[in-house]
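I am opening my notebook on pockets today. I want to look up what lines them.

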Amino acid sequence: GRHCLLSGRPLTFVRTSAARPAALTVRRGDGRTLKLAFAAGQQSWTAPAGFFVGGGRYRLTLAGRSQQLTITPLPLPTGADATATLDTIAQGLAAAGCQRQFALMADRIAPARP
């Protein structure tokens, strides 16, 4: 599916079961690959930000299963006002079609708002 990330920020992959070691391969549209090695017990792995510059389609392969992912970069908000920053990110998610991320963000910040 489609996922948004802030330009220049790393992307963290999280797996649901960390009982065994696993290797995740991420392949960009230009053929460049990134191999992430999860140790037994390791639930997350943070990929370098530079690998996802420009967005586009990526193929993720884990344990013989493959899935396509579309990354849409969002501009990194500037400014010190946390509320304005959250609003900018939320607007970017909605405009880019990253509805699941938008809904998750809205659910998490709504209780904190007056």
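Which residues lie nearest the centre of the largest pocket? I looked, keeping in mind that this is a predicted model. I found Phe-13, Val-14, Leu-24, Leu-60 and Gln-67 nearest the centre. In total, 30 residues line this pocket. I noted its volume as about 840 Å³.

Next entry: the elements behind that lining. I listed those that supply at least two residues each. Among the strands I wrote down S1 (2-6), S2 (11-14) and S3 (22-28). I added strands S6 (56-62) and S7 (65-74). Helix H2 (99-109) is on the list too. Which element gives the most to this lining? I found that S7 does, with 6 residues.

I then sorted the lining of the largest pocket by class. I got 13 nonpolar, 12 polar and 5 charged residues.

New page: the second largest pocket. I put its volume at about 510 Å³. How many residues line the second largest pocket? I counted 15. Closest to its centre I found Cys-4, Leu-5, Leu-93, Gln-101 and Leu-104.

Which elements give two or more residues to this second lining? I wrote down S1, helix H1 (82-96) and H2. H2 gives the most here, with 5 residues. I sorted this lining by class as well. It divides into 10 nonpolar, 2 polar and 3 charged residues.

Last entry, on elements I met twice. I saw S1 and H2 in the list for the largest pocket, and I saw S1 and H2 again in the list for the second largest pocket.

Key
Residues are numbered from 1 along each chain as its sequence is written. This is a predicted model: local features need pLDDT of at least 70, side-chain atom pairs count only at pLDDT 80 or more; totals for chains, interfaces and linings use all residues. Side-chain values use heavy atoms; hydrogens and water are left out. On a 1 Å grid over the protein atoms alone, a cavity is a set of points where a 1.4 Å probe fits but cannot get out, and a pocket is an open set with protein on both sides within 12 Å along at least five of seven lines; lining residues have an atom within 4 Å of a point. Grid points are joined across faces, edges and corners, and a volume is the space filled by probe spheres set on the points. Helices (H or I, at least four residues) and strands (E, at least two) are DSSP runs, numbered from the N terminus. Ala, Val, Leu, Ile, Met, Phe, Trp, Tyr, Cys and Pro count as nonpolar, Asp, Glu, Lys and Arg as charged, and the others, Gly among them, as polar.
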